[in-house]
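Visitor: Could you take me closely through a single part of this model, and follow it outward from there? I would like one connected account rather than a list.

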Amino acid sequence: MLKSFLVSVLILLCFVVFETAILSNMLFLPAIPDFLLIISLYLSVHNGKIFGVSAGFASGLFLDFLTVSPFGLHSLLRTIIGYVSGIFNKTLNIQGVFLPLLIGFFATLFKAVLIFIISVFFPDSVVPYSLFSVTFLFELAANAVLTPLVFKFLDVFSNVILLDPEKIS
């Protein structure tokens, strides 16, 4: 399990650098696709709640260190999303295209709802999404379309990042 987690953290680290250093500087993108969310979804749906919480927290911690958002916001969001998506371990067949697309779509919506709930308690420091803005709709569409592609890419590393089915709790 430790080897799978360390390789997963390495993949998350590579994607956080790609997301924050390269994609954030592309001026023609209205919003940045959330690759870390998609990778956390993949890991939690395949490996369960505990692994999902750990991967979600690690990806959130990377983002907390590299962004100007309040410290702990991304860790909290992605830990909750990792747990909720880990509930669907062993119940979803995500080998196709349509179901991963739906998972990415609803996970992005869930992230927006969680940010709205947190912004109710911390209105001065957390700005919620405007659900009908071009920025949010682009991120929603980009995450939904990229989820099947990222899932297929991560399938290449499945022998290293996925746990044995009998060891998953």
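Guide: Phe 15 is buried, at a relative accessible area of 15%, a value to be read with the caution that this is a predicted model. The ring of Phe 15 pairs with that of Phe 153 in an edge-to-face arrangement, with 6.2 Å from centre to centre and 70 degrees between the planes. This pair ties together distant parts of the chain, since Phe 15 belongs to helix α1 and Phe 153 to helix α6, 138 residues apart. Phe 153, for its part, has a relative accessible area of 39% and is therefore partly exposed, because that class covers values between 20% and 50%.

The pair also belongs to a wider arrangement, as ring pairs join Phe 15, Phe 18, Phe 35, Phe 153 and Phe 157 into a cluster. In total, the structure holds 10 aromatic pairs. Another of them is formed by Phe 105 and Phe 106, again edge-to-face, with 5.3 Å between the centres and 85 degrees between the planes; Phe 105 counts as partly exposed, its relative accessibility being 29%.

From Phe 15 the path leads on to Ile 39, which, when neighbours within four places in sequence are set aside, is in contact with Ile 11, Leu 12, Phe 15, Val 150 and Leu 154. Ile 39 is also one of the residues that touch the most other members of the largest nonpolar core, a set of 36 residues, together with Leu 12, Leu 41, Tyr 42, Leu 43, Leu 154 and Ile 161. The elements that contribute two or more residues to this core are α1 (2-22), α2 (35-47), α3 (49-66), α4 (73-86), α5 (98-121) and α6 (134-155), and α2 provides the most, with 9 residues. In soluble globular proteins, nonpolar side chains tend to be buried together.

Burial in this model is also found at polar side chains, and Thr 147 in helix α6 is one such case. Thr 147 counts as buried, at 0% relative accessibility, and its contacts, leaving aside neighbours within four places in sequence, are with Ile 38, Pro 100 and Gly 104. Ser 119, found in helix α5, is likewise buried, with a relative accessible area of 7%; under the same exclusion of sequence neighbours, Ser 119 is in contact with Val 126 and Pro 128.

Turning from the packed side chains to open space, the largest pocket has a volume of about 580 Å³. Of the 24 residues that line this pocket, Ile 32, His 74, Lys 111, Tyr 129 and Glu 139 are the closest to its centre. Two or more lining residues come from each of α1, α3, α4, α5 and α6, with α4 giving the most, 4 residues. By class, the lining is made up of 12 nonpolar, 7 polar and 5 charged residues.

A last point concerns the backbone in the loop between α4 and α5, where Lys 90 is placed. Phi of Lys 90 is near 65 degrees, a positive value in a residue other than glycine. Most residues other than glycine have a negative phi. The side of the picture opposite to Phe 15 is also represented here, because Lys 90 is exposed, with a relative accessible area of 60%, whereas Phe 15 is buried at 15%.

Definitions and conventions
Residues numbered from 1 in each chain as written. Predicted model: local features only at pLDDT ≥ 70, side-chain atom pairs only at ≥ 80, totals over all residues. Heavy atoms only, no water. Core = buried A, V, L, I, M, F, W, Y, C linked by side-chain atoms within 4.5 Å. Buried < 20%, exposed > 50% of the residue type's maximum accessible area, 1.4 Å probe, protein only. Contact = heavy atoms within 4.5 Å. Phe/Tyr/Trp six-rings, centres within 6.5 Å; stacked < 30°, edge-to-face > 60°. 1 Å grid on protein atoms, 1.4 Å probe; cavity = no way out; pocket = protein on both sides within 12 Å on 5 of 7 lines; lining within 4 Å. Points joined across faces, edges and corners; volume = space filled by probe spheres on them. Nonpolar A, V, L, I, M, F, W, Y, C, P; charged D, E, K, R; others polar.
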